[in-house]
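The following paragraphs are intended for a reader who meets this structure without prior acquaintance. Please keep the sequence and the model in view while reading.

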Amino acid sequence: MQKQAIEQALKLAPKLASKPTQKQAQKQAQKQDHDSYLARRLILHVKMEMWKSFNSYKLRNQINDAFNQKESIINPVIASVTRSKTGFSIILTTMPEYNAEFLLEKQQIWEEFFFQNLKFAERCTKWYKIVVHGVSVLPFSIDDGLFILRNEIETFNPSLKLLRNPNWLSSKENRQTKRHASIVFTINDEEQAKKAIQKKLYIAGLQLVAESYKSAEATTQCQKCQKLGHSTRDCINQECCQICAKKHYTKLHKCNICETMGVECPHIKLKCINCGENHRANSQTCAIWERQQTSPAKSDIAMENSPDFAVVISNKW
């Protein structure tokens, strides 16, 4: 009996040993497919005027026709012309036998179809987005403040190399009354991003600790002020009730008749803080919700070169 068990184990051993190898090979193949797909995408940053006459089908055909006429390429070069989720860029995706590098080399062929609306073009790369809370506002409030802030980050954190200047997440008006505010910057190195989590960062004399973060989508609703576009954690606004729109937390909402707390009851008149109509602030029938879901995002932070890794930095003092 024992001999049979040993023989069976020996037969199964090669199969069991091969499973991790198979999984590793599958992951490697998936990564190669993803990298190949990214290599086929070219990001065109355009002006808002572009959307007045934007026609994906027409643009695709025009570009392919131009390659046919000027380069004698019979088969299509462009597979799709799509608008990014942010509404600030257009993505040209090539057929598998071409890539973004080819499009950049042949830019004179296709750029005419974007008229004067094309700002610049760049390859689609993986970006790792980092948000920093609690950054001192005053030292970086001058005209070249963001450039100085970038130098500050790279000088005192030598492992970090930013792709471009950081951006404030709040408006200039809001920062005038604040000593600290949040910024966002991007890097294209995964190891740098991981180190930002593992080690302390230094910005304007403060030691900052990194933690994982998921960016708020345009339809993310704050449970404190009930506004769309930011998370509850990052909210600096006045608290507002989701039920009656008064200035108190929803959990503190109280009915003077039935004395229920934090819940909707038959005695209360519903009011939405966002549109003023008689429904809860989180109602999917709200006109503000519908508008937010059908219009492009107002921020260009989450561009089409979207990160699959992001961290948030917050000070712990």
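**Salt bridges**

A search of the whole structure, which is a predicted model, finds seven salt bridges. Side chains of opposite charge can pair when their charged atoms come close. Three of these pairs are followed here.

One of them joins Glu 112 to Lys 70, with 2.9 Å between the closest N and O atoms. Glu 112 belongs to the loop between helix 4 (107-110) and strand 4 (118-123), whereas Lys 70 belongs to helix 2 (residues 56-71), so this salt bridge ties together parts that are 42 residues apart in sequence. Glu 112 has a relative accessible area of 41% and is therefore partly exposed. Lys 70, at 47% relative accessibility, likewise counts as partly exposed.

Another salt bridge is formed by Arg 123 and Glu 101, whose closest N and O atoms are 2.7 Å apart. This pair also links distant parts of the chain, since Arg 123 lies in strand 4 and Glu 101 in helix 3 (residues 100-105), 22 residues apart. The relative accessible area of Arg 123 is 42%, which makes this residue partly exposed. Glu 101 counts as partly exposed as well, at 35% relative accessibility.

The salt bridge between Glu 190 and Lys 194, at 3.6 Å from N to O, is placed within a single helix. Both residues lie in helix 7 (residues 190-198), four residues apart, which is about one turn of the helix. Glu 190 is partly exposed, with a relative accessible area of 37%, and Lys 194 is partly exposed at 31%.

**The chain and its sheet**

The wider setting of these pairs is the fold of the chain. The protein chain has eight helices and ten strands. Of its 317 residues, 36% count as buried. Among the contacts with a separation of 6 or more, 62% are made by residues 24 or more positions apart.

In what order do the strands of the open sheet of four strands stand? The order is 2-3-1-4, and the pairing is antiparallel. Strand 2 (78-83) and strand 4 stand at the edges with a single partner strand each, so one side of each has no neighbour in the sheet. On average, neighbouring strands of this sheet are turned by 20° against each other, direction ignored.

Strands of a sheet pair through backbone hydrogen bonds, either parallel or antiparallel. Strand 1 (residues 41-46) and strand 3 (residues 89-94) pair in the antiparallel sense over five bridges. Leu 42 stands opposite Leu 92, a residue of strand 3. Helix 2, the helix that holds Lys 70, lies across strand 2 and strand 3 and runs at about 145° to strand 2.

**Aromatic rings**

The rings of the aromatic side chains offer a further view of the model. There are four aromatic pairs. In one of them, Trp 110 and Phe 114 meet edge-to-face, with 6.0 Å from centre to centre and 85° between the planes. Are these two residues buried or exposed? Trp 110 has 0% relative accessibility and therefore counts as buried. Phe 114 is buried too, at 0% relative accessibility.

Elsewhere, Phe 67, Tyr 98 and Phe 102 form one aromatic cluster. Phe 67 falls within helix 2, which spans residues 56-71, and Phe 102 falls within helix 3, which spans residues 100-105. A charged side chain also meets a ring: Arg 83 lies over the face of Trp 51, at 3.9 Å from the ring centre.

**Two alanines with positive phi**

The backbone deserves a look in two loops. Most residues other than glycine have a negative phi, and most peptide bonds are trans. Ala 204 has a positive phi, near 55°. This alanine lies in the loop between strand 8 (201-203) and strand 9 (206-212). With 27% relative accessibility, Ala 204 counts as partly exposed.

Ala 245 also has a positive phi, near 70°. The loop that holds Ala 245 runs between strand 9 and helix 8 (287-294). Is Ala 245 buried or exposed? Its relative accessible area is 15%, and the limit for a buried residue is under 20%, so Ala 245 is buried.

Note on methods. Residues are numbered from 1 along each chain as its sequence is written. This is a predicted model: local features need pLDDT of at least 70, side-chain atom pairs count only at pLDDT 80 or more; totals for chains, interfaces and linings use all residues. Side-chain values use heavy atoms; hydrogens and water are left out. Rings of Phe, Tyr and Trp (its six-membered ring) pair if their centres lie within 6.5 Å; planes under 30 degrees apart count as stacked, over 60 as edge-to-face and the rest as tilted. Buried means under 20% relative accessible area, exposed over 50%, partly exposed in between (1.4 Å probe, protein chains only). A charge sits over a ring if NZ of Lys or CZ of Arg is within 6 Å of the ring centre and within 35 degrees of the ring normal. A salt bridge is a side-chain nitrogen of Lys or Arg within 4 Å of a carboxyl oxygen of Asp or Glu. Two strands pair if DSSP finds at least two bridges between them. Axes are lines fitted to C-alpha atoms, for helices over the stretch in contact, and angles run from 0 to 180 degrees between N-to-C directions. Contact means heavy atoms within 4.5 Å.
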